[in-house]
Amino acid sequence: YFGFFPAHLSDFFARLKTKGSDSRLLEKIIDSLNFIDSPVALASLRCIYALGEAQVKLRALKAMHRQTELDEPFLFAVLETKDIQLKSEALVLLVRHERAKHVALAKLFNLQSPYGTRNKRLIKHIRMVEEKNLRDAGCFLESLSLRKDFWNRKVRQEALRVLEGWAEPC
């Protein structure tokens, strides 16, 4: 469709928005877009992400792995969401590019946590990079493991646990 009717993309997006509540249709479109590596496919996946429920959003992000282009502003916005699965998929996409990797990891781990107010979020982020085996986050985890105050004890312990696990050969 994209190759034969490039002038009708706005019609495609308009019709897609009218069918946005049909999760099965959105998943079939995502499966079809898996085989297309183009800016139009990326825009379609972004549109589907905006329309879909959590499972469809996750599939759309996974389909973006096959795209050579990267939509950094979109992925950084996903990184700001509360859903840990969506965050982790966005992070995996962002770490493929060196500059985006550093910015994304800094966004996750350079959180100020006065009196431990954001420690639960930091611990979730630590577990997320451990699950995805993103060893590039090691320097950020080291800085978390050095936080001094007593309310940072759980963050320190979690960061040290992950760093010790990564020290062992895979």
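**Pockets and a cavity in a predicted model**

The second largest pocket is lined by Leu-58, Lys-62, Ile-84, Gln-85, Ser-88, Glu-89, Lys-124, Arg-127, Met-128, Glu-131 and Lys-132, where a pocket is an open set of points on a 1 Å grid over the protein atoms alone, with protein on both sides within 12 Å along at least five of seven lines, and lining residues have an atom within 4 Å of a point. Helix 4 (54-63), helix 6 and helix 8 each give two or more residues to this lining, helices being DSSP runs of H or I with at least four residues, numbered from the N terminus. The model is predicted, and totals for linings use all residues. Residues are numbered from 1 along each chain as its sequence is written.

The volume of the second largest pocket is about 150 Å³, a volume being the space filled by probe spheres set on grid points joined across faces, edges and corners. Its lining divides into three nonpolar, two polar and six charged residues, with Ala, Val, Leu, Ile, Met, Phe, Trp, Tyr, Cys and Pro counted as nonpolar, Asp, Glu, Lys and Arg as charged, and the others, Gly among them, as polar.

The largest pocket holds about 260 Å³ of space, and its lining includes Leu-79, Ile-84, Lys-107, Arg-121 and His-125. Helix 8 (119-131) gives the most to this lining, with three residues, while helix 6 (84-94) and helix 7 (98-109) each supply at least two.

The largest cavity, a set of points where a 1.4 Å probe fits but cannot get out, has a volume of about 40 Å³. Its lining, which includes Leu-42, Met-64 and Phe-74, divides into six nonpolar, one polar and three charged residues.

Terms used
Predicted model: local features only at pLDDT ≥ 70, side-chain atom pairs only at ≥ 80, totals over all residues. Heavy atoms only, no water.
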